[in-house]
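Colleague: Hi! Could you walk me through this one? I'd like to start with how the chains meet.

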Amino acid sequence: MKKHLPLIIFAGLCVVPFMDLSSYVMHILILVLMWSVIGMAWNILGGYTGQVSFGHAAFFGFGAYTAGLLYYHLEISAWWGIPACVVILTALSLVVGYICLRLRGAYFALATLALGEICRVTAENLVDFTQGNMGIMIRERTWVEKTWFFYIILFIAAGTFILIKTVMESKLGYYFVAIREDQDAAESLGIDTTFYKTISLCLSGVLTGIAGAFFMNYMGYIDPGVVFPLYDISITTVMVVMVGGAATYWGPIVGAVIMVFLAEEIRSLPYIGAAHMTVFGVILILIILFLPNGIVGDFRKLLKPFKSKKGASS
Amino acid sequence: MEQYELFLQTLIAGFMLGGLYALIGLGMALIMGVMRVINLAHGDFMMIAMYIAYWLFTLFEIDPYVSVFIAAPALFLFGLVIQKYLLTPVMKVESILPHNLVILTVGLAMVFSNLATVFFTGDYRSTPVSYASNAWYLTDYWPESPIELSLSMPWTLSFVVAVIITIALWIFLTKTDTGKSIRATAQDVDAALLLGVNVNRVRMVTFGIGLVLVAAAGCLFIPIYYLYPALGKQFTNVGFVITVIGGMGSTNGAVIGGLILGIFESMTATYIGMGWAPVGRFAIFVAALIFLPGGIASIIRRRRLGK
């Protein structure tokens with residue numbers, strides 16, 4: 001049962017479009033899948049390799065802008081952005097890796113945070129190239145129906161999941177975890193830590209970029225404030241993984257489900273809607289205090305109160 | 001001649017901005033040094049102090065420079081509470097992700113800036129002090145001077161107060177017992193523990209002092225700047241850029257880093273364009289990471305060792 005769980009969920013999601021759901025529900029499901037991809041991508045770097053990044057908006061935004069600029073300047077379909085992303089994001093990750101990956105821990109977190117902000121401000125100021133704050137709009141949408149968008153992001157998510165599982169069960173994955181647990185020890189055992197951290201960053205960056213390119217195609221409009229924000233993308237990515245559970249296969253997916261539903265629910269509430277960032281902040285603080293390894297990581301701990309009660313009554 | 005005038009004026013403005021930035025950077029560097037935490041809510045604490053100063057001015061007409069003495073102790077107490085009930089418990093939590101404390105401060109920043117938006121709306125506010133547009137002109141004192149320079153009165157006042165606070169902090173850190181134990185903890189926590197320093201108390205005091213510095217900076221900024229709830233992020237960025245330029249946790253480095261950043265930012269604003277000033281800030285940050293990973297502190301140390 002447990003072995004086939006991913007397949008069952010995948011099959012279940014495949015039939016969802018035939019259930020004649022409203023386009024709002026489909027929208028939410030697409031967002032959940034997109035955030036799972038971003039969360040899983042972040043998890044490679046942050047959860048498994050232990051390099052916490054506060055700047056994944058940079059990769060996301062770069063992906064979105066790759067697609068958008070291809071459409072805007074070359075007038076080809078923005079879907080070409082997804083393959084183009086693989087090349088461009090690898091290049092970006094190599095540059096970022098060269099600068100940031102020599103740094104450790106807190107330095108790295110700060111450097112990536114700055115990276116996200118650099119991208120945002122640059123995109124705002126390079127008006128001739130990126131349209132600045134006016135943003136880029138795709139005038140003719142590919143599909144009005146959400147079905148095909150859903151299938152595309154579903155396959156991207158499934159591909160990401162399989163890729164991560166394969167990587168983490170290979171030698172590469174063990175290198176990543178070794179680097180997270182003790183970088184000096186890993187180095188002394190002959191692991192070229194900078195090289196493997198760069199690979200981890202490239203994987204993470206490319207996958208996040210693909211999610212960004214999908215976002216461009218799906219939403220049809222981007223501007224620097226939408227794709228490069230610190231809180232709404234970078235920190236939300238960290239939250240998705242933290243809520244679900246870092247360094248677990250299912251953590252980012254569970255986190256994405258919870259975060260997207262929460263965001264949609266809280267925003268639509270009267271009075272509290274304006275304070276949704278406060279609610280997110282409080283959730284983040286509570287998670288750090290009580291469930292530091294997330295819902296999936298601390299699942300046993302969550303079950304404990306129920307189990308002990310049963311034991312006492314019987 | 002006009003070019004020199006512009007250059008000198010920019011330099012002066014940058015120097016003064018740098019003095020205020022140094023105050024923000026100092027608080028962050030102190031916290032970084034003792035607790036090994038980058039306080040990503042630093043700018044938002046400053047925002048709180050600025051709102052305190054703003055409301056004191058609007059409701060009771062208390063001058064923002066006087067509010068330093070109200071906002072700073074208030075934030076000191078606030079800092080103690082946060083340290084005691086949030087940071088200390090999280091320090092003990094075991095988890096896979098190593099940067100729990102940093103992420104915690106991000107959570108705090110989200111809560112503060114959002115609550116400020118909810119309570120005070122997103123309006124831009126300022127304290128229109130009566131002397132806001134006063135300035136000293138060079139030609140008033142030296143009529144034949146070939147160039148014209150001016151010094152804005154609130155800027156100069158803020159700068160002077162910032163310098164006084166920095167000197168007071170320096171005396172506190174070098175001459176008093178508490179200050180010495182703070183520096184000892186920053187150097188080596190285990191050694192400080194062995195020598196009988198109450199590290200937990202030192203951490204609390206340091207966090208409080210870091211917030212006092214940033215609160216003072218907030219009160220000094222409000223007469224010359226404007227206030228809105230999302231302003232914290234920008235100053236947090238300033239703070240951590242300074243901390244990195246200066247060398248993590250180094251107070252001397254933070255002062256020099258603040259001055260460098262202030263001058264560099266005004267130069268980019270004057271010669272490239274207002275919108276690019278943040279890019280300049282991050283460019284200098286990345287340059288520091290690549291070419292001088294130890295920060296200015298490493299240069300100072302090398303000097304001292306005579307290498």
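Colleague: So how many residues does each chain put into the contact?

Modeller: In this predicted model, 39 residues come from chain A and 37 residues from chain B.

Colleague: And which helices of chain A supply at least two residues each to the side that touches chain B?

Modeller: Those are α2 (23-48), α5, α12 (230-244) and α14 (276-290) of chain A. The most comes from α5(A), which gives 12 residues.

Colleague: What's that side of chain A like by class?

Modeller: The side of chain A that touches chain B has 27 nonpolar residues, 10 polar ones and two charged ones.

Colleague: Back to α5(A). At what angle does it cross α12 of chain B?

Modeller: The axes of α5 (residues 105-125) of chain A and α12 (residues 277-291) of chain B cross at roughly 145° and come within 9 Å. The crossing is left-handed.

Colleague: Which residues make that contact?

Modeller: From α5(A), they include A:Ala111, A:Ile118 and A:Val121. From α12(B), B:Phe282, B:Phe285 and B:Leu289 are among them. By class, this helix pair brings 10 nonpolar, two polar and one charged residues together.

Colleague: Changing topic: is B:Leu17 buried or exposed?

Modeller: B:Leu17 sits in helix α1 (residues 2-35) of chain B, and it counts as buried because it has 25 C-beta neighbours inside 10 Å. The cut-off for buried is 20 or more.

Colleague: What is B:Leu17 in contact with, beyond its neighbours in sequence?

Modeller: Leaving aside neighbours within four places, B:Leu17 is in contact with B:Gly262, B:Glu265 and B:Ser266. B:Trp155 is 138 residues away from B:Leu17 in sequence, yet their C-alpha atoms are 8.2 Å apart.

Conventions. Residues are numbered from 1 along each chain as its sequence is written. Chains are lettered from A and ligands numbered from 1 in the order in which they are written. This is a predicted model: local features need pLDDT of at least 70, side-chain atom pairs count only at pLDDT 80 or more; totals for chains, interfaces and linings use all residues. Axes are lines fitted to C-alpha atoms, for helices over the stretch in contact, and angles run from 0 to 180 degrees between N-to-C directions. Helices (H or I, at least four residues) and strands (E, at least two) are DSSP runs, numbered from the N terminus. A crossing is left-handed if the near helix is turned anticlockwise from the far one by less than a right angle, and right-handed if clockwise. Two residues are in contact if their C-beta atoms, placed from the backbone, lie within 7 Å. Ala, Val, Leu, Ile, Met, Phe, Trp, Tyr, Cys and Pro count as nonpolar, Asp, Glu, Lys and Arg as charged, and the others, Gly among them, as polar. A residue is buried if 20 or more other C-beta atoms lie within 10 Å of its own, exposed if 12 or fewer, and partly exposed in between; C-beta atoms are placed from the backbone.
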